[in-house]
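Me: I'd like to go through the side-chain contacts in this one with you. Could you take my questions as they come?

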Amino acid sequence: MTGEWSMALGQVLTALLVAMSALALLAAWQSRRAVLAPSIFDQSPSQVAFLFDGERLVDATPAARALLPDGEDSRAWSRLVARFGADFPNLSERLAALPRIGQLQIPSQPGTSPALVMKAQHLSGLTRLTVDGGEAVMRSGQGDAASAAALQQEVMAQRAVLSRAPVLIWKEAADGAVIWANHAYLIRAVELLPEGEDLSWPLPKMFDASVPASSRLPRLKLQMPSGTEWFDLVRMPQGDEMLCYALAADKAVQAETALREFMQTLTKTFADLPIGLAIFDRSRSLQMFNPALADLTTLAPEMLIGRPTLNAFLDAMRAKAMIPEPRDYRSWRKQLARLEEEATMGLFEETWSLPGGQTYRVIGRPHPNGALAFMFEDISNEMSRTRRYRADLELGQSVIDAVEDAVAVFSPRGQLVMSNHAYAQLWQHDPQVLLSEASIATLCTWWREHAAPTLLWDDATDFVTSAGDRTPWEGEVRLLDGRLVLCRFRSLTGGATLITFRMQGSIAVAGLKDAGGAGLLSA
């Protein structure tokens, strides 16, 4: 019984193995069948048909692929237009309208043998193109000829591009001989030939430079009959040969020459400036300075040439006692930070009184790209003249203050420029507190309010504001408190006017009106 059971089990296992093998063979056959179906055009392999998604070739019959030059499917559309463009008039423009039209039929040009008809359909974003009569082209062997013609056309186009390029292009053999050149090279080679000599083989070598390949040479020039031409030479290896390019550099040379001349002019201008100039870049390193800077700061030129930082530059000036000394080092560092911050904003402008007696005006201004420019100007003489002028003014003021008569001096335009202490006591105001408003008209109004009615003030206004020669004159006015004042008017050099007020003594006055009154009742 056990033997029969074992035999039955073996038969079952055998049947299972046979079934599994059959399933595996079936799956393999189906997979192979799927692999052997690469195209949707298997029903008509000899038909010339293409299927495009945009400009990318999705599928094509073998006959269709044979009519196109080899290349990537992404560029098949342009290759198809180039291949059939000679057979179908305005092919590219007519196919461009296909998405809008939906379908079209294009016959080949009259005289085309064999006659062809291109049918195009656009549906769901895909474009199907068929060429009726394309099988005859394949059978006649014109497919290979067309491919060869397309390749020949491409070669001719590339040759025309190289030959007509405005850049000088030539090829050198291993020994340096010129074995090919484009039109631009040949034209210049002919211009350089001696009179009566024709261009012959081997071609003349216009540039003689032996440098490593793939490197840019120093700029070279050709002395042409029409003038000098500059070129940048580039050499690229191509096997044992060398492909060379001469790039026109005339405009670059002109720009560099203009820039160099401008920099020379700028340098000469800076060199002659009496103001010290220091320009620091965005990292605060000294990039440019003029000789006046070394003279004003007493720093060694070698130190300035070393491009010190702004902090090092100011520390060196401090060591030379060329900066006002702060109370302590912490204040000094705060001053440095403020100096840089204000210069960046264009606000830094100070007058430095140095321990040696000099006075410097220092201005900091921002420059493009974060740079800073500092200007140092010695204004010691100017400050000395200002101090002397102020001293003279103070001396003159003290002199007229010592005069007993009240004095007022007016400019040619009628503006009060000077008065003394006696004037302030007499008229009970000090006009120098606000000189900008102390004109002859304003003061005459004040004088009228503090004196009896009189026409003298009108004459005074006319005299002060008149031009030309003026005759001195005088007149009397009586103040509201009864005092009599003698007024004298004299012209000064430059059109100025001097008015003096002298007391004539005091008298008893009765019936005087107040300051707002119209005049005196009795005396």
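Reply: What follows is a talk through ring pairs, burial and salt bridges in this structure, which is a predicted model.

Me: How many aromatic pairs does a search of the whole structure find?

Reply: The search of the whole structure gives 18 aromatic pairs. One of them joins Trp 427 and Phe 501, and since the ring centres are 5.5 Å apart with the planes at 80°, the pair is edge-to-face.

Me: Where do Trp 427 and Phe 501 lie?

Reply: Trp 427 belongs to helix α15 (residues 421-427) and Phe 501 to strand β20 (residues 497-503), so the pair ties together parts that are 74 residues apart in sequence.

Me: And is Trp 427 buried or exposed? Same for Phe 501, buried or exposed?

Reply: Trp 427 is buried, at a relative accessible area of 1%, and Phe 501 is buried as well, at 3%.

Me: Which residues do ring pairs link into a cluster?

Reply: Phe 280, Phe 313, Trp 352, Phe 374 and Phe 376 are joined into a cluster by ring pairs. Phe 313 also appears among the buried residues of helix α12 (residues 310-319), together with Leu 310, Leu 314, Ala 316 and Met 317.

Me: Why do the buried residues of α12 line one face of the helix?

Reply: Looking down the axis of α12, the buried residues fall within an arc of 155°, so they line one face of the helix. As background, an α-helix has 3.6 residues a turn, so residues three or four places apart point the same way.

Me: What comes just after α12?

Reply: Ala 321, just after α12, takes a positive phi of about 60°.

Me: Now α3: why is it largely enclosed by the rest of the structure?

Reply: Helix α3 (residues 76-84) has seven of its nine residues buried, so the rest of the structure largely encloses it. The buried residues are Ala 76, Trp 77, Arg 79, Leu 80, Val 81, Arg 83 and Phe 84, a list that includes two arginines, Arg 79 and Arg 83.

Me: Changing topic, which residues make the nonpolar surface patch?

Reply: Leu 259, Phe 262 and Met 263 make a nonpolar surface patch of about 300 Å², and Phe 262 lies in helix α9 (residues 250-272).

Me: What sits over the ring of Phe 463?

Reply: The charged end of Arg 470 does, at 4.8 Å from the centre of that ring.

Me: On to salt bridges, how many are there in the whole structure?

Reply: The search finds ten salt bridges. In one of them the side chains of Asp 405 and Arg 502 meet at 2.8 Å, N to O. This pair links distant parts of the chain, 97 residues apart, with Asp 405 in the loop between α14 (380-402) and β16 (406-410) and Arg 502 in strand β20. Asp 405 counts as buried at 17% relative accessibility, whereas Arg 502 counts as partly exposed at 35%.

Me: What about Arg 448 and Asp 458?

Reply: Their side chains meet in a salt bridge at 2.3 Å, N to O. Arg 448 lies in helix α16 (residues 440-449) and Asp 458 in helix α17 (residues 456-465), so the pair ties together parts that are ten residues apart in sequence. Arg 448 is partly exposed, with a relative accessible area of 35%, and Asp 458 is partly exposed too, at 36%.

Me: Last one, which residues are linked in a network of salt bridges?

Reply: Arg 361, Glu 377 and Glu 382 are linked in such a network.

Key
Residues numbered from 1 in each chain as written. Predicted model: local features only at pLDDT ≥ 70, side-chain atom pairs only at ≥ 80, totals over all residues. Heavy atoms only, no water. Phe/Tyr/Trp six-rings, centres within 6.5 Å; stacked < 30°, edge-to-face > 60°. Helix = DSSP H or I, 4+ residues; strand = E, 2+ residues; numbered from the N terminus. Buried < 20%, exposed > 50% of the residue type's maximum accessible area, 1.4 Å probe, protein only. Lys NZ or Arg CZ within 6 Å of the ring centre and 35° of its normal. Arc of directions from axis to C-beta. Patch = residues over 30% accessible without salt bridge, like charges linked within 9 Å, V, L, I, M, F, W, Y side chains within 5 Å. Areas by Shrake-Rupley, 256 points an atom, 1.4 Å probe, with all protein chains shown as cover. Salt bridge = Lys/Arg side-chain N within 4 Å of Asp/Glu carboxyl O.
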